[in-house]
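User: I should like to learn how to read a structural model feature by feature. Please take me through one, giving the general idea and then the case at hand.

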Amino acid sequence: MARSWLEYKTQAWVQWCPGCGDFGILNSIYRAVSELGIDPENLAVVGGIGCSGRTTYYVKGSNFHALHGRAIPVATGVKLANPSLNVIVAGGDGDLMGIGGGHFVALGRRNLNITVLLFDNAVYGLTKGQAAPTLPAWIKTKALSMPNIHDNINPVLLAFAAGYTFIARGYAYHTQQLKELIKTAVRHRGAALVDILQPCPTYNNVMTNKWYEERIYYVDQEDGYDPVIRTPEEFQKKAPTIAAKLMEFGDRIPLGILYWNQTRESFEERLEKIMPGYMSAPPATRRIELDGKPF
Ligand code: SF4
């Protein structure tokens, strides 16, 4: 049953800059978890280092602010220790695509039931705006002395290659649509990514709201694009079209649910196969063992 979003608001002072896209993401998280009726006791937000990491202080839950790049390993431990928790990772593109890139890939391989919210502003906002892994080549923001000469990582394409089974992209200022994407991602059983394009008005003076609004569009407004995979055969058939959609990032940037594989088994289901009863055991008695020995 839906709850009031105020139940999830903490007393912490929100320290982001005026106009930051993080406010829209925070608002969307409040609305999503309240409409899903998740008890704050059953919610765990795990943050990395960066402006986005402060989300762990602003949403009521059993949260953890992890080391740089390590939000996903901590979230994995939280989920395996207590699978009944709804686990959300809140990390920036520097944290999740840079130092935490290996962990991001590992979560896709496992398809563990965790929702990753990628606060994607293309800069390292917390440390004065250096180029982050999602900043396209040749963009020169005001914090850079020269244009960026690295090509950018495409998080949704990387997630597809790694094995994430739900992949979406939202925009921080479109809170209604973003809330719905987060709700669907949390409900999905498996590794879910919502790549959230997020203006950083303080350091990224190129990828502004105007820059995004000139490029973004919602895939569900396009005739014939169906991101849902219901059978393995359907994956073979649709994979090239979906990959082409995921690669699109330039003059046009697709938003919405880009890929949703409903056929692949989750890590929890595999664990249950080798250790029947693990998922339903009370947290205090849960041990990962094989043949009676710690695994
Ligand atoms: Fe937001 Fe950028 Fe300020 Fe960080 S530096 S709080 S991302 S506007």
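User: Leaving aside its neighbours within four places in sequence, with which residues is Glu35 in contact?

Analyst: A contact list shows what the fold brings together beyond the sequence neighbours. In this predicted model, Glu35, set in helix 1 (residues 22–36), is in contact with Ala2 and Lys183 once neighbours within four places are left aside. The C-alpha atoms of Glu35 and Lys179 are separated by 9.3 Å, although these two residues are 144 residues apart along the chain.

User: Is Glu35 buried, exposed or partly exposed?

Analyst: Burial is read here by counting C-beta atoms around a residue, with 20 or more within 10 Å for buried and 12 or fewer for exposed. Glu35 counts as partly exposed because it has 16 C-beta neighbours inside 10 Å.

User: How confident is the predictor in this model?

Analyst: The mean pLDDT of the protein is 94, and 96% of its residues reach 70 or more. The model scores are ipTM 0.99 and pTM 0.95.

User: How should I read a helix that has a buried side? Which residues of helix 3 are buried?

Analyst: An α-helix has 3.6 residues a turn, so residues three or four places apart point the same way. In helix 3 (residues 71–81), the buried residues are Ala71, Ile72, Val74, Ala75, Thr76 and Lys79. Their cover includes strand 1, strand 2 (64–65), strand 3, helix 4 (93–99) and helix 5 (101–110).

User: Let us turn to the strands. How many bridges join strand 3 to strand 4, and in which sense do they run?

Analyst: Strand pairing is read from the bridges between two strands and from their relative direction. Strand 3 (residues 86–92) is joined to strand 4 by five bridges, and the two run parallel. Within this pair, Ile88 stands opposite Thr115, and Ala90 has Leu117 as its bridge partner. Ala90 also stands opposite Gly47, in the pairing of strand 1 (residues 43–47) with strand 3, which is parallel over five bridges.

User: With which further strand does strand 4 pair, and over how many bridges?

Analyst: Strand 4 pairs with strand 8 (residues 192–197) in the parallel sense, over six bridges. One example is Asp120, whose bridge partner in strand 8 is Leu197.

User: Why is strand 4 described as largely enclosed by the rest of the structure?

Analyst: The reading rests on how many of its residues are buried. Strand 4 (residues 115–120) is largely enclosed because six of its six residues are buried. Both of its faces are covered: one side carries Thr115, Leu117 and Phe119, the other Val116, Leu118 and Asp120, and all are buried. Strand 3 is also largely enclosed, since six of its seven residues are buried.

User: Which residues other than glycine have a positive phi, and where are they found?

Analyst: Such residues are picked out by the sign of the backbone angle phi, and then placed in their local setting. Ala122 has a phi near 70° and is found in the loop between strand 4 and strand 5. Trp138 has a phi of about 75° and is found in the loop between strand 6 and helix 6 (155–162). Their surroundings can be set side by side: Ala122 counts as buried because it has 27 C-beta neighbours inside 10 Å, whereas Trp138 counts as exposed because it has 10.

User: Which residues surround the ligand?

Analyst: A ligand shell is read first as a list and then by chemical class. Here the ligand is surrounded by Trp16, Cys17, Cys20, Asp22, Cys51, Asn121, Gly125, Cys200, Pro201, Thr202 and Tyr203. This shell divides into seven nonpolar residues, three polar and one charged.

User: Where is Gly125 found, and with which residues is Gly125 in contact?

Analyst: Gly125 is found in the loop between strand 5 (123–124) and strand 6 (130–131). Gly125 counts as buried because 27 other C-beta atoms lie within 10 Å. Neighbours within four places aside, Gly125 is in contact with Gly50, Cys51, Cys200, Thr202 and Tyr203.

User: What does the UniProt record place at residues 49–196?

Analyst: An annotation is reported as the record gives it. The unreviewed UniProt entry places the feature "domain: Thiamine pyrophosphate enzyme TPP-binding" at residues 49–196. In the model, that span is 36% helix and 20% strand, and its end C-alpha atoms lie 17 Å apart.

Key
Residues numbered from 1 in each chain as written. Predicted model: local features only at pLDDT ≥ 70, side-chain atom pairs only at ≥ 80, totals over all residues. Near = placed C-beta within 6 Å. Nonpolar A, V, L, I, M, F, W, Y, C, P; charged D, E, K, R; others polar. UniProt positions renumbered as here; feature names shortened; annotations may be inferred. Helix = DSSP H or I, 4+ residues; strand = E, 2+ residues; numbered from the N terminus. Contact = placed C-beta atoms within 7 Å. pLDDT = per-residue confidence, 0-100. Pairing = 2+ DSSP bridges.
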